[in-house]
Each structure stands twice: as C-alpha cells, then as structure tokens.
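Visitor: I'm new to reading protein structures. Could you walk me through this one, a few questions at a time?

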Amino acid sequence: MRYSIIAISLFAAWNVLEAADSLNVRTVGVLPYTAAHYVYVDTISGTLITAVGAGVYIHDITGPTSPVEISRIEVPGVVKAVVRRGNYLYVAGYKKDLLVYDVSNPASPYMVFAYDDPYGFSADLRISGNYLYLADGAAGLLIFDLSTPDYPVLVKSLNITNSRRILVENDTLYVGRTSTIPPDLIIYDVSDPANPVTVGTLDSTNYVMGLARRGNYLYLGIGYDGVMVVDISDPTSPVAVGRASLTGYTSRISIVDTLMAVAGGFGGLYLMNIATGDNPSVLGNLDTYGLALHAAFHGQYIYLADHYGGIDVVDVSDPVNPVVETTINVPGDNLDVAVSGDVAFVTGYYGSMRSIDLTDPSSPRDLSSWNNPQYGYKMAIIGDYAYVASILLYIYDISDPSDIQLVGTYTPPSITRFVVADGDYLYVAAGDSGVVILDASTPTSPTRIATIQTGSYIVSVDVDGGRAYVLDADRNLTIWDVSNPAGPSLMGTIAIPGYGFYVLAAGDVAFVSRGFDGIVSVDVSDPASPSILDSLDTSSARGLALNDTILTVADMGSGVKFVNVANPDSMVLIGYYLTPGTVYNVAFYGDYLLVPDYDGGFRILEYMYPTGSPESISGRYWRITAHGLKFEKEMPFEVYTVDGRLVRRGYAHPGMVLKLNSGVYVVRSPHATEKVVMR
C-alpha cells in the first residue's frame, strides 16, 4: 500500500482503523515503546533518533551527555532502522516496510508516506544520492528514487531473499544476507540505481549481521564467529583475509577513522583498532547491562542501543577505557502480563520488568520499570506479591506499583518457566523435576509441601476447582486432585495431539494451545476419562486467556485470535488483531485484553460484540455488478465476513472490480462502512 501526504490528509480517520485486522476488535490504548535496538545520530539537527519497538524516540543531543527528549513517534510496525535526511525521517519496519515522517518540527512529527509489501520484513535501509536502498527480507532489496523526498518511487526490486544488512558507498552497494544458502555477501555497481549490476559475491559461511567499510576492507559482523575482514580491492573477487573472535553475538558495526565499534550482544561493546586493516585488535570492552545491539558515533561519544539496558552514552575519548556517562531509560521487551487491581505487571525475556497504570485504558501509563536478575517467563500474583518464574522464583513486593522491591527468592529443583497461583498456593513447573507446590502463606518465604511427577518435562500447569492440569513434553495432559495441595493424587490422563505449550482450565473444559497445530478443547467433566471435543487451527498458538465465552489466543507472529467457545465442541474464530511484533501471552483486565507484544509494545484491545448490521457512514463509493464489487473512487479498502474475518485488503482505483464469492460481506474504507450482499 502506498499513499502520499495528500492521501494521509484525506484519510485521517483511516489511520486509526488501519492497525486492527478484524472488524470486531478495536485498539483502546497503546504503549508502543520497548527495548532499544537501533540508534542514529543526525549531526546537522543535533538529534539522536532511537528505534524502540513499534516506536521512535527523538532526543536533542546538543548537550551530548544530557539528552533531552523532544518527541516520540508511534509506528505501525516494529522499527528496525532509521535514517534522517533533511526534514524527513525514513523508517524501515517489520510488517511495515518503509514509512516517511515529516520532522521539520521534531516536536510534532507526522507520517507522509507508507510503502507496504505483503512479503516484506524490512531490516535495514541506507540513502545515497537521490536513492534509498531497503533490505526487505523475503521481498528482496528495493531501490527508491527520492527526487520527491516525501514520496519515494520504487525503481528497482532485486530478488535477494533474506537481505539483512546494506551499505552504499561510491556507487557500490554491499548486501549482507542471513541465509544458509550462499552467497552471504553480494556486491553491486549502482552507478545506475535503476539497473544494478552484480560485481562480486562471497560466502562467509555465516549470517551477516553487521556491515561496515574502511578503504579496501569490509568488516562483517557474523554472530558468534565475531568479525570477518574482507579485502575488496578487487570487488569482482572479494576475499576473506582475517577474523577477530569476540565473546558474545556480533551484530552491527560502526567506524570512524581507525576506530571500530562492534555491538557484541551479551559480550557488550567492543572498541577495535583497524589501522592495520586486515588485523583488527581489541582496544577496550564495555560490559554493558543489557545486550549491545547498535552503536552510533558522535564526536568523542558513542550512543549505544543496549536493548533492555536502555541507551548508553559512552565516552570513548580513551577507547581502552570507555566510560558510560549516562543512560536514557527505555522500556524493555514484553513476554508475560499479570493484573492486580488497576495495574498491569509485565515481565521480559531479558530481565526487563514494568508496571503500567490501567485506570484509564485509553491512556495506559508507565509507573515504573526495574530489572529482574534473569529473564521473566511467567508471573503469578498473590495479594501484594508477584512471583516471577526464571532460573529462580523471584518474589517482589508490588504493594506500591511505582516502587517495586525484590524481597525474596525460592530455588526450585530445576529452572522454571511457568508458575500459577491458587489461593495461597503456587504451582511451579520445574522442568524434569515436576510441578513443585509451594505454600505462600508467608509470601516472602514460600515452602514446598508437595511435588507432582509425570515422568516428563513439565511445560505448563493450571489449577481450577481443586484440580491441577499438568501439560508435559510427552504430549500428555494429566489431571490431579489438589483439594489438599499437600497430597495431590492422579485422577486421569489424556494424550494431546501435537506438542502442547499452554493449558487453561475452566470448569468442565480445558483448552490446550499446540503451536502450529492450533488449539484443542478437552472435556474434563469426568476427570478419570477426559476426551477431545474440538480443534481449531491457528498460526502458532501459545498463551491463552478466557473472558466469559471468549477465548483469546496469543498467536506469536500472527498477533491475537478471538475464539467463541460458548460451545466448546464447536469453537469458532470470531476476530483477530495483527500486532506489530510477536505475542506469547495475554491477560484480561475486565473486558479489555492486555497484549504484551514482545518487541512491539503494550496494547489494550477490546472485542466488540456484533450489534446489528453495519450502516453506511456516507455516500456510496462502490457498487455491485455482475462481475463483482466495482470501486468508483481511489481509496484503501478492507473486506470482511460479517463475523469479522478479513477477506481482502488493498488499494482500489476507479473502475477496479473485486471478485467475491456469494455471501454477505462488510466493506470498509475511509469514506464508508456498509454491508454488501454478493449473489
């Protein structure tokens, strides 16, 4: 989909509607900002631009060690890279390929252009001359003419799958790929950008996660194998001539003169001397709190995207001894969410934690953030205490959500990734060691009172009505009587087709998510003889949450699915929402669904029960013909079934005819929403 600033002005209402993929689901509130993973310094305007989940921060850095926030931009997709040129900010995003924002007033940026390829997942972009180069994953490498800077025109699409990193210098384009199929590096002559010519290739035997050049050498960040040095003095025959092994996972690389900054993931920031070209040597290493993902130079300083550790401002005037001058705090990634009162508590994979005020669901507000010593897979809340499953079970006092305190730990017999609460008891899935049942009546010092063993690795557990439902890696769901938690007894077992990830029990029915195999409903009215009732396909089902008869499924890269389970033997998909990133867990807050998107922010959604037939908002902009639905006006459009399932999305031009099967549909555009009947 493409539209210019003219289209944006005309379709202002459309932008609000665009994010939701289902007619019956609406966005109530959003906090799009998550962990920092890309930084860009614009020396002309004196601003730092940071990619943080499905958003962008803009900071004034005229005082380099005292950044001042100017504005934030919510982006309809996870931001992977940004470049500013003049009054425009160009954004490459996952699920939204290329976006352009007018930042002539950086305090009030606004979108003027969007390009969306259904097969593209942008990872990088560069500007050289009047052309923009976009690494767009499966969609290849796209080249846009920027003669009109607020309306890029696609002039060439190169069929390069898995393009990940790009660099353009002196009419030469370098493309790094992340693929098991060589080549990993491709060099093009782009003296005529509309007609690139392949010059040379190289198989680095690894994924290219970083790419920088100085003189006749390219420096490739190749993950766990450190940095590879490639001699490109003869670009038709690039040759690997050196390698530097580093601790951590090497990704993006930046160079100023003979100083190279390498983001090494958990290995921190490496500063390397490349004066000798083919033999880079480590000068200094900064062991950062988070994951070093990208560094941008600014004089004697480096701005480091340290993922959940925030944005570090590092003085590198002495590269042997780099010093963090200050840190810009940003939220971390999102993995699980639990609710207590009007506050949501969110855990993160890399140890990030946050509390969010839900008093006004349309305007959620961050209260505080803190760091778990390890990852936080799952969280359970009892009263004023939160229990976070990790290498240990971490215990937090959450009585003051703006000042969370770590007050205790429990060491399970094995690493735990799942915990659920029932009354004063905790059920901890401890891998091969079974389900550990803890008495938490003394909240800061829970004690083990029993263990449930199934003989296999425990994946998930839920407790309902005095029964524990235990899902294990041998694809069995076992049901246990825990009316006396100190003496659990086996009641029944059922084999679950497909590998299970999550179990949710509700009265006489249990629901199990099975990844690519979707979800199943299980009749547990007779726990000694449970049986499968129904199954429903989804893309990659993980976490589950239930509100009355609406079951929601965290469907990883496909967002959230809403399923009517009023008749559990006949489950029906009734709505869905495609989030910017990946969703592993969900939870309800009243009738609102809380969605912690791993890398795309925190969202509050509402499923809206159908309330009769849609009515036309304004005049008719399409008509039914013998050949299909004919559009009378240029516009973006969406077509749904009456139960909210998206059928088609696109951009119509006058006279275009859309063929639809017989049935009843809802057609939505910025101009009208109305029901149409195809005979």
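Here is our chat about confidence, sheets, hairpins and one buried residue.

Visitor: Before we trust anything, what is the average pLDDT of the chain?
Guide: Good place to start, since this is a predicted model. pLDDT is the predictor's confidence in each residue, from 0 to 100. Here 94% of the residues score at least 70, and the chain averages a pLDDT of 90.

Visitor: Over which residues does pLDDT stay under 50?
Guide: There are two stretches to keep in mind. Residues 611-619 stay under 50, and the model has 15 contacts beyond four places in sequence for them. The other stretch has 56 such contacts in the model, and it covers residues 1-20.

Visitor: Let's look at a sheet, then. Which strands are the edges of the sheet β51-β52-β53-β54?
Guide: That sheet is open, with 4 strands and antiparallel pairing. An edge strand pairs on one side only, and that holds for β51 (544-547) and β54 (572-577).

Visitor: And by how many degrees are neighbouring strands of this sheet turned against each other?
Guide: Stay with the open sheet β51-β52-β53-β54. Ignoring direction, its neighbouring strands are turned against each other by an average of 25°.

Visitor: Which residue in β54 stands opposite V563?
Guide: Start with β53, residues 560-564, which is joined to β54 by 5 bridges, the two running antiparallel. Follow V563 across to β54 and you reach L573.

Visitor: What is the average twist in the sheet β31-β32-β33-β34?
Guide: This is an open sheet of 4 strands with antiparallel pairing. Its edge strands are β31 (336-340) and β34 (365-371). From one strand to the next, the twist averages 20°.

Visitor: Which residue in β33 is the bridge partner of A344?
Guide: Look at β32 (residues 343-347) and β33 (residues 352-357), which run antiparallel and are joined by 5 bridges. On the β33 side, A344 has as its partner I356.

Visitor: Which residue takes a positive phi in the hairpin of β44 and β45?
Guide: β44 (residues 467-472) and β45 (residues 476-481) pair antiparallel over 5 bridges, with R467 partnered by D481. The hairpin has 3 residues between the strands, and the positive phi, near 65°, belongs to R475.

Visitor: How many bridges pair β45 with β46?
Guide: β46 covers residues 489-495, and its pairing with β45 is antiparallel. One spot to find is W480, which stands opposite L490 in β46. The pairing runs over 6 bridges.

Visitor: Through how many residues does the hairpin join β63 to β64?
Guide: β63 (residues 663-668) also pairs with β60 (residues 635-641), antiparallel over 4 bridges, and V639 stands opposite V667 there. With β64 (residues 673-678), β63 runs antiparallel and is joined by 6 bridges, and V664 has V677 as its partner. The hairpin between β63 and β64 goes through 4 residues.

Visitor: Last one: is H307 buried or exposed?
Guide: H307 is in the loop between β28 (301-305) and β29 (311-315). Not counting residues up to four places away in sequence, H307 touches A35, A36, L291, L293, V330, D333, Y350 and Y598. The cut-off for buried is under 20% relative accessible area. H307 has 10%, so the word for H307 is buried.

Technical notes. Residues are numbered from 1 along each chain as its sequence is written. This is a predicted model: local features need pLDDT of at least 70, side-chain atom pairs count only at pLDDT 80 or more; totals for chains, interfaces and linings use all residues. Side-chain values use heavy atoms; hydrogens and water are left out. Two strands pair if DSSP finds at least two bridges between them. Axes are lines fitted to C-alpha atoms, for helices over the stretch in contact, and angles run from 0 to 180 degrees between N-to-C directions. Buried means under 20% relative accessible area, exposed over 50%, partly exposed in between (1.4 Å probe, protein chains only). Contact means heavy atoms within 4.5 Å.
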